[in-house]
Amino acid sequence: MTAEPHPTAADRSATTGRLPLRRRLLPVFALLLLAPWAAECSWGGFAIDDFLPVLIFLGPMYGGAAILIRETARHLGAGWPTIVLLAAAFGVLQAGLVDQSLFNPDFLDDTQYADTRAAAEATLVPGLEFSLRQAFDYVGNHIVLTICAPIVLVESFLGADRRLRPWLGRPGLAVIGVIYLLGSLLIFSDSSGRKDFLTSPLQLTFATVLVLALVATALLPRWRRPRPRLVRRVPHPLWVALLVVLVRFGTDLTPGWAGVAIALALAAAIGALIVYWSSRNGWGQRHVLAAGTAGLVTAAAFAYLVPPYSPASPAAALAGDVAVTVVTLALVGGAWWRLRASPAVLVAAT
């Protein structure tokens with residue numbers, strides 16, 4: 001096995017221009033649809049008859065963000081740290097400024113999750129009046145489900161020559177940017193999206209500064225520099241996935257401030273461990289797939305135990321959960337098979 005070459009700006013532009021339009025747009029459309037499905041449906045948030053409306057109304061916002069984040073990182077020649085940091089920025093932007101669920105204490109009161117309000121209020125940040133527990137869940141789920149899992153799935157279905165290269169040029173990025181802005185404006189202006197709530201000036205300033213800080217960190221040149229590999233073995237991809245699943249369970253062990261502290265510590269530990277493993281010789285796309293989709297598989301497995309946002313018939317809810325299982329297994333299993341069938345190529349250290 002040989003290390004995957006780090007594409008230069010000229011290589012990326014040349015590759016983008018050479019590919020036929022339909023080949024460039026196929027993964028774009030896939031990500032446009034997969035991001036909203038993973039964000040809202042994969043964990044049981046909607047019954048099966050709501051899947052299509054979710055894709056139509058939330059696709060421009062969620063899918064547009066996933067495409068812009070992925071394309072920004074790949075055009076810069078950056079790796080997963082940039083994608084994760086930009087995903088965190090999107091999570092704060094989405095929950096803090098677009099639907100403003102992060103600061104709205106009544107956001108879930110008209111759903112079947114109204115009983116979670118007491119647990120959320122146990123970790124209110126004084127002055128800013130938002131729940132740190134909810135912030136961890138909202139932003140974390142956007143990182144894992146909305147952005148990272150869809151990107152790693154779509155990239156895993158592509159050949160090694162296209163996996164880390166851009167799909168769109170500047171005109172395409174401009175179109176996606178407009179689609180994302182219109183989708184976000186739709187949610188912000190719709191009464192069922194923002195629910196007629198407006199953040200305070202202090203909350204608005206806090207969220208804006210945090211978004212800008214995350215974006216600035218994501219764009220640092222250090223994430224674009226190739227790093228030497230350590231000549232050490234890496235664990236099997238399934239062990240990586242199992243560890244991510246166990247950490248996911250650990251983040252929900254204890255309520256209150258102690259629970260948030262444990263969740264943050266576990267998330268930092270697994271992030272640092274994956275960064276360390278990815279610097280080893282032998283870390284490949286199957287490891288990335290395992291780490292990136294373990295949260296999606298876990299969410300799909302527990303979809304049977306959580307209610308959808310709005311009351312639904314038992315048959316529709318069960319059909320939605322079964323559909324989630326089938327789609328998740330098909331996507332992850334198909335991506336795994338695609339990688340096993342293709343030549344093994346190492347992924348640049350991240």
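Just after helix α4, Gln100 adopts a positive phi of about 55° in this predicted model. Gln100 is not a glycine, and its phi is nonetheless positive. Most residues other than glycine have a negative phi. Gln100 sits in the loop between α4 and α5. Its relative accessible area is 3%, so Gln100 is classed as buried. The preceding helix, α4, is itself largely enclosed by the rest of the structure, because 17 of its 19 residues are buried.

Thr111 occupies the loop between α4 (80-98) and α5 (117-121). With a relative accessible area of 15%, Thr111 is buried; the cut-off for that class is under 20%. The side chain of Thr111 reaches the backbone nitrogen of Tyr113 at 3.1 Å. Beyond residues up to four places away in sequence, Thr111 touches Lys195 and Tyr309.

Lys195 also has a positive phi, of about 60°, although it is not a glycine. Lys195 is placed in the loop between α8 (170-189) and α9 (201-218). Its relative accessible area is 22%, and Lys195 is therefore partly exposed. The contact with Thr111 thus brings a residue of the α8-α9 loop against one of the α4-α5 loop.

A search of the whole structure returned 10 salt bridges. One of them joins the side chains of Glu155 and Arg70, at 2.8 Å from N to O. Glu155 belongs to helix α6 (residues 132-157) and Arg70 to helix α3 (residues 51-76), so this pair ties together parts that are 85 residues apart in sequence. Both partners are shielded. Glu155 is buried at 1% relative accessible area, and Arg70 is buried at 0%.

Glu155 forms a salt bridge with Arg74 as well, with the closest N and O atoms 3.0 Å apart. This pair again links distant parts of the chain, with Glu155 in helix α6 and Arg74 in helix α3, 81 residues apart. Arg74 is buried, as is Glu155. These residues belong to a salt-bridge network made up of Arg70, Glu71, Arg74 and Glu155.

Another salt bridge connects the side chains of Asp109 and Arg117, at 2.7 Å from N to O. Its partners are not buried. Asp109 is partly exposed, with a relative accessible area of 35%. Arg117 is likewise partly exposed, at 29%.

The structure contains zero disulfides. The sulfur of Cys41 has its closest cysteine sulfur in Cys148, 19 Å away, which is too far for a bond. The converse holds for Cys148, whose closest cysteine sulfur is that of Cys41. Cys41 is buried at 0% relative accessibility. Cys148 is buried too, with a relative accessible area of 10%.

A nonpolar patch lies on the surface, with about 1,000 Å² of accessible area in total. It is formed by Trp239, Leu242, Leu246, Phe249, Phe302, Tyr304, Leu305, Leu318, Val322 and Val326. Helices α10 (237-250) and α13 (314-341) each supply at least two of these residues. The greatest share comes from α10, with four residues.

Val322, one of the patch residues, lies in helix α13. Val322 is partly exposed, with a relative accessible area of 38%. Thr328 lies in helix α13 as well, but Thr328 is buried, at 3% relative accessibility. Helix α13 therefore carries both a partly exposed patch residue, Val322, and a buried threonine. Outside its neighbours within four places in sequence, Thr328 is in contact with Trp37, Leu296, Val297, Ala300 and Gly333.

Gly271 is located in helix α11 (residues 256-278). Its relative accessible area of 30% makes Gly271 partly exposed. Gly271 and Pro81 are 190 residues apart in sequence. In space, their C-alpha atoms are 9.7 Å apart.

Conventions: Residues numbered from 1 in each chain as written. Predicted model: local features only at pLDDT ≥ 70, side-chain atom pairs only at ≥ 80, totals over all residues. Heavy atoms only, no water. Patch = residues over 30% accessible without salt bridge, like charges linked within 9 Å, V, L, I, M, F, W, Y side chains within 5 Å. Areas by Shrake-Rupley, 256 points an atom, 1.4 Å probe, with all protein chains shown as cover. Salt bridge = Lys/Arg side-chain N within 4 Å of Asp/Glu carboxyl O. Helix = DSSP H or I, 4+ residues; strand = E, 2+ residues; numbered from the N terminus. Buried < 20%, exposed > 50% of the residue type's maximum accessible area, 1.4 Å probe, protein only. Contact = heavy atoms within 4.5 Å. Polar contact = N/O pair within 3.5 Å; in protein donor to acceptor, adjacent residues only side chain to side chain. Disulfide = S-S within 2.5 Å.
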